[in-house]
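Take a moment to turn the model around before reading on. The paragraphs below go from the whole to the details.

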Amino acid sequence: MIKRKLIDGYPFVSYSKETFPENEMLQRSRSFCNWMDNRRTVRDFSDNPVSKEVIENIILTASTAPSGAHKQPWTFCVVSDPAIKKQIRMEAEKEEYESYNGRMPDEWLKDLKPLQTDWRKEFLEIAPFLIIVFKRSYELEDAGHKHQNYYVTESCGIACGFLLAAIHHAGLVALTHTPSPMNFLSKVLNRPENEKPFLLIPIGYTAEECWVPDLQRKPLEKIVAWY
Ligand code: IYR
C-alpha cells in the first residue's frame with residue numbers, strides 16, 4: 001500500500017523495491033547482462049514499418065531516466081515523413097562528407113576503419129523512424145525568463161541509454177548516429193532556441209542481410225577498479 005506524507009510541505013510517497021533471494025538475484029543479473037550484451041549498433045535497416053505505439057512506449061521508457069532536479073530536459077522528435085527524412089539525409093551527408101574528407105584527423109579515421117563507416121547515410125531514409133533527441137538547456141517561462149536545467153548532458157545521456165535498452169527490449173535495432181556538426185537538425189525540425197540536437201537515432205528492423213563488425217567488449221579487469 002502506498003503511503004503519502006508532506007515533508008516541508010512537499011508531497012512524498014512511500015516506495016518499496018521488490019527484492020529477490022540471492023541466487024535468483026545472481027541469475028537475473030547474469031541473464032540481463034547476457035541479454036544486453038546481445039544488443040548491437042546496426043547500420044543495415046529494413047524499411048518494414050514499426051507501430052507508432054511502440055515508439056511512444058520506447059520514448060516513455062527513456063523519459064523514466066533520472067535527471068537533474070527532475071527537469072527531464074529532453075525532447076524526442078520523431079520523424080517518419082519521407083520528405084523530412086530525405087532532407088535530414090542530404091544535410092547529414094553534406095556535413096559527413098566534409099568530416100570524412102578533411103575535418104576528421106587521420107587517427108580518428110583510422111579508429112573508424114574497423115567499423116567501415118563512411119559519409120553515406122542511406123539508413124536515414126530507410127529506417128521507418130528517426131528519433132532526434134534534443135537537450136533542453138533551459139525552459140523559457142512567461143515574461144521571457146530563462147529557467148536553467150541542470151546536468152543536461154548527463155541526463156540526456158542516461159535517457160538515451162534507457163531509450164536504446166527499450167528499443168532492444170522491443171526486438172528492434174537502432175544506430176546512435178552523430179552527424180557532426182548537427183545544428184542543421186534544429187533548422188530542419190524548426191526547434192526553439194532552448195533546444196540543441198543531442199543524438200540522432202534511426203530505429204527499425206534489421207535488413208534481411210545485416211552485418212555488424214566483429215567487436216569484442218572489454219573484460220571486467222579492464223573496466224573496473226575495486227577499492
Ligand atoms: N559521425 C560520423 C563518424 C563516426 C564517429 C564515431 I566516434 C563513430 O563511432 C562512428 C562514426 C558517422 O556517423 O559516420
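What follows is a walk through a predicted model, from the overall build to a helix, a ligand and a few backbone details.

Start with the whole protein. It has eight helices and eight strands. Its C-alpha trace spans about 60 × 55 × 40 Å along the principal axes. The chain holds 227 residues, and 34% of them count as buried. The protein exposes about 15,600 Å². Carbon and sulfur atoms supply 54% of that exposed area. Now think about which parts of the chain touch. Take the contacts between residues at least 6 apart in sequence: 78% of them join residues at least 24 apart.

Next, pick out helix H3, residues 82-103. How far apart are its end C-alpha atoms? They are 29 Å apart. Compare that with what the helix should span. At 1.5 Å a residue, its 22 residues should span 32 Å, which agrees.

Look at where H3 begins. Asp81 caps the N-terminal end of this helix. A side-chain oxygen of Asp81 lies 2.8 Å from the backbone nitrogen of Ala83.

Which residues of H3 are buried? They are Lys85, Ile88, Ala92, Glu93, Glu95, Glu96, Ser99 and Tyr100. Keep one rule in mind while you find them. An α-helix has 3.6 residues a turn, so residues three or four places apart point the same way. Then ask what lies over these buried residues. The cover includes three strands, S3 (74-79), S4 (129-136) and S8 (195-204). It also includes the helices H4 (106-112), H5 (123-126) and H7 (184-188).

Two residues from that buried list lead to the ligand. Glu96 and Tyr100 are among the residues that surround it. The others in this shell are Arg43, Met104, Trp108, Leu112, Leu115, Lys121, His177 and Thr178. H3 and H4 each supply at least two residues of the shell. By type, the shell divides into five nonpolar, two polar and three charged residues.

Now zoom in on the polar atoms. A polar side-chain atom of Tyr100 lies 2.6 Å from an oxygen atom of the ligand. The side chain of His177 has an N or O atom 3.1 Å from a ligand oxygen. Thr178 uses its backbone instead: a polar backbone atom there is 3.0 Å from a nitrogen atom of the ligand. How much of the ligand does the protein cover? On its own, the ligand has 370 Å² of accessible area, and the protein covers 71% of this.

Finish with the backbone. Most residues other than glycine have a negative phi, and most peptide bonds are trans. Three places in this model depart from that pattern.

One is the bond between Ser180 and Pro181. This peptide bond is cis, with omega about -5°. Pro181 sits in the loop between strand S7 (173-174) and H7.

Another is Ala143, in the loop between strand S5 (138-140) and strand S6 (146-148). Its phi is near 65°, a positive value in a residue other than glycine. Is Ala143 buried or exposed? Its relative accessibility is 89%, so Ala143 counts as exposed.

The last is Tyr151, found in the loop between S6 and helix H6 (152-169). Tyr151 is not a glycine, yet its phi is positive, about 45°. With a relative accessible area of 60%, Tyr151 is exposed. The cut-off for exposed is over 50%.

Technical notes
Residues are numbered from 1 along each chain as its sequence is written. This is a predicted model: local features need pLDDT of at least 70, side-chain atom pairs count only at pLDDT 80 or more; totals for chains, interfaces and linings use all residues. Side-chain values use heavy atoms; hydrogens and water are left out. Helices (H or I, at least four residues) and strands (E, at least two) are DSSP runs, numbered from the N terminus. The expected span of a helix is 1.5 Å times one less than its number of residues. Buried means under 20% relative accessible area, exposed over 50%, partly exposed in between (1.4 Å probe, protein chains only). Contact means heavy atoms within 4.5 Å. A polar contact is a pair of N or O atoms within 3.5 Å; within protein, one must be able to donate a hydrogen and the other to accept it, and residues adjacent in sequence count only if both atoms are side-chain atoms. A residue is near a molecule or strand if one of its heavy atoms lies within 4 Å of it. Accessible areas come from the Shrake-Rupley method with a 1.4 Å probe; for residues, only the protein chains shown count as cover. Ala, Val, Leu, Ile, Met, Phe, Trp, Tyr, Cys and Pro count as nonpolar, Asp, Glu, Lys and Arg as charged, and the others, Gly among them, as polar.
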